[in-house]
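Colleague: I have this model open at the bench. Please take one part of the fold and walk me closely through its surroundings. Start with the overall picture, then go to the details.

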Amino acid sequence: MTDCASIDLKHHFLIAMPGLEDETFARSVVYLCEHSAHGAMGLIINKPADISMRLLFDKVDLPLLREDLMQNLVSQGGPVQTERGFVLHDPVVTEKTDKLGASVYASTLTVPGGLEMTTSRDVLEALSSGAGPRRVLVTLGYASWGEGQLESELGENTWLTVPASADVIFEVPMAERYDRALDLLGLKSWMLSPEAGHA
């Protein structure tokens with residue numbers, strides 16, 4: 001039997017099981033940025049907010065010169081700090097990136113083996129000027145779990161887990177990400193029973 005406390009699910013997807021009826025998390029796919037004995041933090045990647053990138057940049061008084069991002073929707077990242085933006089992106093490697101691999105942005109969490117999540121305005125300024133990370137997902141808000149909470153939900157079969165795929169986040173339309181995340185496990189949504197339980 002696996003000791004849940006020892007699982008590290010950073011750079012994994014949490015895929016909501018059909019029995020999860022909470023409006024925020026039903027049919028959600030969460031990219032986990034942090035997971036430790038103290039809790040977990042992630043971003044929902046497949047729930048559109050009612051705001052486009054262009055409108056978001058208008059709200060923060062920045063032009064948006066990246067044509068490829070104009071029509072992209074912002075995602076509802078989770079129920080915590082919904083007024084705050086979180087930018088999930090490919091790791092940025094430039095001459096400015098120091099030898100320790102620190103990000104070029106002021107406030108960035110580097111997910112080991114995975115992506116980067118930046119909360120500072122400088123990443124928006126870079127995107128605004130036509131630069132910045134090539135692939136980005138901007139979310140408003142994030143999801144978090146207290147100590148032992150996620151492990152408990154995993155024990156109740158609330159979530160499926162699978163190593164994350166950046167392509168699912170950045171290349172797949174938002175409405176298709178739930179099914180594509182399940183594909184990583186070789187599953188289809190019709191195979192999942194809405195009755196959570198233990199075999």
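Modeller: First, a term: accessible areas here come from the Shrake-Rupley method with a 1.4 Å probe. On that basis, the protein exposes about 10400 Å². Carbon and sulfur atoms supply 52% of that area. Keep in mind that this is a predicted model.

Now the overall picture. The protein has 5 helices and 10 strands. Of its 199 residues, 47% are buried. Take the contacts with a separation of 6 or more: residues 24 or more positions apart account for 70% of them.

The part I pick is strand β9, residues 136-145. Buried means under 20% relative accessible area. In β9, 9 of the 10 residues are buried, so the strand is largely enclosed by the rest of the structure.

What encloses it? Start with the strand pairings. Strand β6, residues 80-89, is joined to β9 by 6 bridges. These two strands run antiparallel. One contact point to find on screen is L88, whose bridge partner in β9 is L137. Strand β3, residues 39-44, also runs antiparallel to β9 and is joined to it by 3 bridges. Here A40 has W145 as its bridge partner. Strand β5, residues 73-76, is joined to β9 by 2 bridges, and this pair runs parallel. Look for S75, which has T139 as its bridge partner in β9.

Next, the helix. Helix α2 covers residues 121-128. Its buried residues are V123, L124, A126, L127 and S128. They pack against β9, and also against α1 (53-59), β6 and β8 (116-118). So β6 turns up twice: its bridges join it to β9, and the buried residues of α2 pack against it. Just after α2 comes G130, with a positive phi of about 95°.

Follow the chain from α2 towards β9 and you reach the charged residues. The structure holds 8 salt bridges. One of them joins D90 to R135, with the closest N and O atoms 2.8 Å apart. D90 lies in the loop between β6 and β7 (108-110) and R135 in the loop between α2 and β9, so the pair ties together parts that are 45 residues apart in sequence. Both D90 and R135 are buried.

R135 has a further partner. Its side chain meets that of D167 in a salt bridge, 2.8 Å from N to O. This pair also links distant parts of the chain: D167 sits in helix α4 (residues 166-170), 32 residues from R135. The burial of the two ends is not alike. R135 has 13% relative accessibility and counts as buried, whereas D167, at 44%, counts as partly exposed. These contacts belong to a network of salt bridges that links D90, R135, D167 and E171.

For comparison, look at another salt bridge. The side chains of R66 and D68 meet at 2.9 Å, N to O. R66 has 8% relative accessibility and counts as buried. D68, at 45%, counts as partly exposed.

Back to β9 for the summary. The strand is joined by bridges to β3, β5 and β6. Buried residues of α2 pack against β9. In the loop between α2 and β9 sits R135, which is linked with D90, D167 and E171 in the salt-bridge network.

Definitions and conventions. Residues numbered from 1 in each chain as written. Predicted model: local features only at pLDDT ≥ 70, side-chain atom pairs only at ≥ 80, totals over all residues. Heavy atoms only, no water. Helix = DSSP H or I, 4+ residues; strand = E, 2+ residues; numbered from the N terminus. Buried < 20%, exposed > 50% of the residue type's maximum accessible area, 1.4 Å probe, protein only. Contact = heavy atoms within 4.5 Å. Pairing = 2+ DSSP bridges. Salt bridge = Lys/Arg side-chain N within 4 Å of Asp/Glu carboxyl O.
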